[in-house]
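Student: I would like to test some structural labels against their definitions. Can we go through them one at a time?

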There are 2 protein chains.
Amino acid sequence: MTPFKLTEELVTEIEQLIENQKDTELVSLMEDMHYADIAEIIDELDEREATHIIKLLESDKTSDVLTELDNDVREGILNNLSAKEIAEELAELDTDDAADIVGELPSDIIQEVISELEDREHAKDIVDLLRYDEYSAGGLMAKELVKVKEDWTVLTCVKEMRAQAENVTRVHSIYVVDADDKLKGRLSLKDLLTTSTTTHIKDVYIPKVDSVGVNEKPEEVAKIMSKYDLEAIPVVDEIGRLVGRITIDDIVDVIREEADKDYQMAAGISQDVEADDSIWQLTRARLPWLFLGLVGGVGAAAIMGSFEEMISKHAILFFFTPLIAAMAGNVGVQSSAIIVQGLANDDLKGSVGNRLIKEMLLALLNGLALAVVLLLFTWFWKGDFLTSLAISLSLVAVILVAGFIGTFIPLFLHKRNIDPAIATGPFITTSNDIFGILIYFWIAKVVLGI
Amino acid sequence: MTPFKLTEELVTEIEQLIENQKDTELVSLMEDMHYADIAEIIDELDEREATHIIKLLESDKTSDVLTELDNDVREGILNNLSAKEIAEELAELDTDDAADIVGELPSDIIQEVISELEDREHAKDIVDLLRYDEYSAGGLMAKELVKVKEDWTVLTCVKEMRAQAENVTRVHSIYVVDADDKLKGRLSLKDLLTTSTTTHIKDVYIPKVDSVGVNEKPEEVAKIMSKYDLEAIPVVDEIGRLVGRITIDDIVDVIREEADKDYQMAAGISQDVEADDSIWQLTRARLPWLFLGLVGGVGAAAIMGSFEEMISKHAILFFFTPLIAAMAGNVGVQSSAIIVQGLANDDLKGSVGNRLIKEMLLALLNGLALAVVLLLFTWFWKGDFLTSLAISLSLVAVILVAGFIGTFIPLFLHKRNIDPAIATGPFITTSNDIFGILIYFWIAKVVLGI
């Protein structure tokens, strides 16, 4: 495969074709392109050009293109389409993708778009999906699935399945339900084909099937599917009725988004921004965290100001405040990152107490190793053993406290059902900076007998 | 589904059953458990108990359990198994999982294990896979796939497929190859079933199929499969011959590992460690980065020491060094994180120059906003406008430089084919601390006319 590569030349070529109204050339150029590649191109065009292409190509292709576009680009295009045109795109999509698009439409035109849908069953499924929280298994699932009733015979089953499978792109499993639509189990295709046609489904199905509830969080669904290597999982409502199905490709997106979010939080970037967002969006995502850092820095300055009388005799203490603050920050970030990741991957075992004791031991080990190096360096530099001892002892104490805070805060937030990822990054570095400097000057005061 | 929950009671119960040699109870307790759940239990047992369970249960179950275990637990168990016992486990596994396990064995027993494999074809496939770099498409792929030759008739094809499909757990696609085994396209099951049995494959197959080369990096494979929503992708060698197939569940692992690695790098943790690793492992992963921070802090102290003459008249400058260092660090981490993430997701467009200009504008905007706040605060606090101005001007300059370094370094590393993720975290904060403090004192010197 020669992989598709988005180049400026290609974008310019397409812009010129649009400019010169060469629609036939445009269609033939894009005919063999994958919808994900067309979406990459359209993301680079302006709204008028983008709309032109969407209107020009067949909806069996453009509907998939729409699902892959950046949110703001899609919004612009949909604004330029009539309710009927939008409905034509939705008709080609699976219910989960269609519902995602409908959910983004202004509420006053949703009804119009839905009423333009010719397939009333499809319309009903989309409307059903709209009522689920986007951030839940219900918000992720599609209605397309193959289900059979336990009291059917194999023959009825095969007939019904043929009809249902037409709407399902990839059949992962055949689900078995009872008369009330409650999920009972699944059916292997092989058993279905090797059993007499008069046998009843209830005599051949596998009564064991993994499922998730509609209100389950996407990360939980992701954990279950990747732990058990599932390619699809059925979704049941509060009373066990089969209401939808989540496939692995949606879960891949969840895993990526989740990882991106935690990473950004750790780096002090709120909201989901990308490098290509506007300066204004990036500022809104970054400035609040920087402001937090500013407040912390001012706090640190105030603490140092209150120890000002020490500055004439022990100026060296002030030279090492950035070191103390940086080490407190680094240790805090390391500890919290390990905990946040452990919580995300569900592999933290044992009690909070044991976890803290372990982190304290680790901090003590690291702290002592670093303190010895620092002691030797400062002693050699300034020849003042007592001051060097004060700085090094403080380093150990600060690392211990930073490790404690970095471990405790995310565990505490998690217990309170708050996303522990907010405890990484600027939050932990700023609070550790302040605690670190405070401890540092206290210890120095005691050791130096000031 | 009642989800499986690993509890201490369950582990204790199993340990007691092992202690009291209640093998029948053990087997019946674990009979209905999923292999991923059994693996979670075994990870909690000691080596003797773990080995006991692996020997006790049937290899069609334990083989999958082995693939899910922590590396060190698996290593311990395999040490206690004979070559023949290991071969029995491998016989039940797909070639990719089997090759991963063989790759971990001490080299002197690999040959013995391979020679104990009864299925010589399976053995040959495993040996073939061993020669690929673990960190490549070849290292990820399995040999299990369904392939048909283009000059076969539909009838031959169906017969051959039935035989091949026996070894393939999930058939995602039927691949079409020529007489030299070169990948030509794929076949839809529907076309196969609706075409006359005497038709030749070359007249019905779809000549378009995505594939990746054996040497492709796992992240690239992950990008392609998630971009095009593929559940499986064929792998071809240097001359286009079909040699294997990668499935989405392996890719989910790649995405998770990649995200974990970047996250840990940003937090200053090298190597792939988990919260439950030993204190020694955690120290090795964390101490080097802390040492880097120590060196940076000592450098900062040395810089401040060289400005010592300013301390009597302008002590306040020294109070704000932690603030300056922290802001430089925060901005650097934000900028580098955005770039690293953009590179990982392949959505950085435009030239390096434009990217730097944008980041500079952003830094200027953020820097000015923060500097105004800081100016007002320090002026109010100490009543010395000129010093306040020096501190605030420095803040803007430091943020600009930090933004530049944070943007440039990862782009530069990426150009040189070095993982840009190492530029996040302690590396960028430490260098920005030093640059920041240096710039700060320079500017202060100029503004205050010292």
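Tutor: Start with burial in this predicted model. Of the 450 residues in chain A, 45% are buried.

Student: What makes Ala39(A) buried?

Tutor: Count its neighbours. Ala39(A) has 21 other C-beta atoms within 10 Å. The label needs 20 or more. Ala39(A) is therefore buried.

Student: Where does Ala39(A) lie, and which residues does it touch?

Tutor: Ala39(A) lies in helix 3 of chain A, residues 35–42. Leaving out residues up to four places away in sequence, Ala39(A) touches Val65(A), Glu68(A) and Leu69(A). For a view across the chain, take Pro322(A). Its C-alpha is 48 Å from that of Ala39(A), and 283 residues separate the two in sequence.

Student: Why is chain A called more spread out than a compact globule?

Tutor: Set two values side by side. The radius of gyration of chain A is 30 Å. The globule rule gives 22 Å for 450 residues. The value for chain A is well over that, so the chain is more spread out than a compact globule. Its C-alpha trace spans about 90 × 65 × 45 Å along the principal axes. The secondary structure of chain A comes to 21 helices and six strands.

Student: How do you know that helix 16 and helix 21 of chain A are roughly parallel?

Tutor: By the angle. Helix 16 (residues 279–306) and helix 21 (residues 426–448) of chain A pack at about 5°, their axes 9 Å apart. Angles under 35 degrees count as roughly parallel. The two helices of chain A therefore earn that label.

Student: Which residues make the contact?

Tutor: Helix 16 of chain A contributes several, including Trp289(A), Leu292(A) and Gly296(A). Helix 21 of chain A contributes Ile434(A), Leu438(A) and Phe441(A), among others. By class, the contact has ten nonpolar, four polar and one charged residues.

Student: In chain B, what makes strand 4 and strand 6 edge strands?

Tutor: They belong to an open sheet of three strands in chain B, order 4-5-6, with mixed pairing. Strand 4 (212–213) and strand 6 (242–247) of chain B each pair on one side only, and that makes them edges. Helix 14 (residues 218–227) of chain B packs on the sheet and touches strand 4, strand 5 and strand 6.

Student: How do you know that strand 5 and strand 6 of chain B pair?

Tutor: Pairing takes at least two bridges. Strand 5 (residues 232–236) and strand 6 of chain B have five, in the antiparallel sense. They therefore pair. Val236(B) stands opposite Leu242(B) of strand 6.

Notes:
Residues are numbered from 1 along each chain as its sequence is written. Chains are lettered from A and ligands numbered from 1 in the order in which they are written. This is a predicted model: local features need pLDDT of at least 70, side-chain atom pairs count only at pLDDT 80 or more; totals for chains, interfaces and linings use all residues. Helices (H or I, at least four residues) and strands (E, at least two) are DSSP runs, numbered from the N terminus. The radius of gyration is taken over C-alpha atoms; the globule rule is 2.2 Å times the number of residues to the power 0.38. A residue is buried if 20 or more other C-beta atoms lie within 10 Å of its own, exposed if 12 or fewer, and partly exposed in between; C-beta atoms are placed from the backbone. Two residues are in contact if their C-beta atoms, placed from the backbone, lie within 7 Å. Axes are lines fitted to C-alpha atoms, for helices over the stretch in contact, and angles run from 0 to 180 degrees between N-to-C directions. Angles under 35 degrees count as roughly parallel, over 145 as roughly antiparallel, 65 to 115 as roughly perpendicular and the rest as oblique. Ala, Val, Leu, Ile, Met, Phe, Trp, Tyr, Cys and Pro count as nonpolar, Asp, Glu, Lys and Arg as charged, and the others, Gly among them, as polar.
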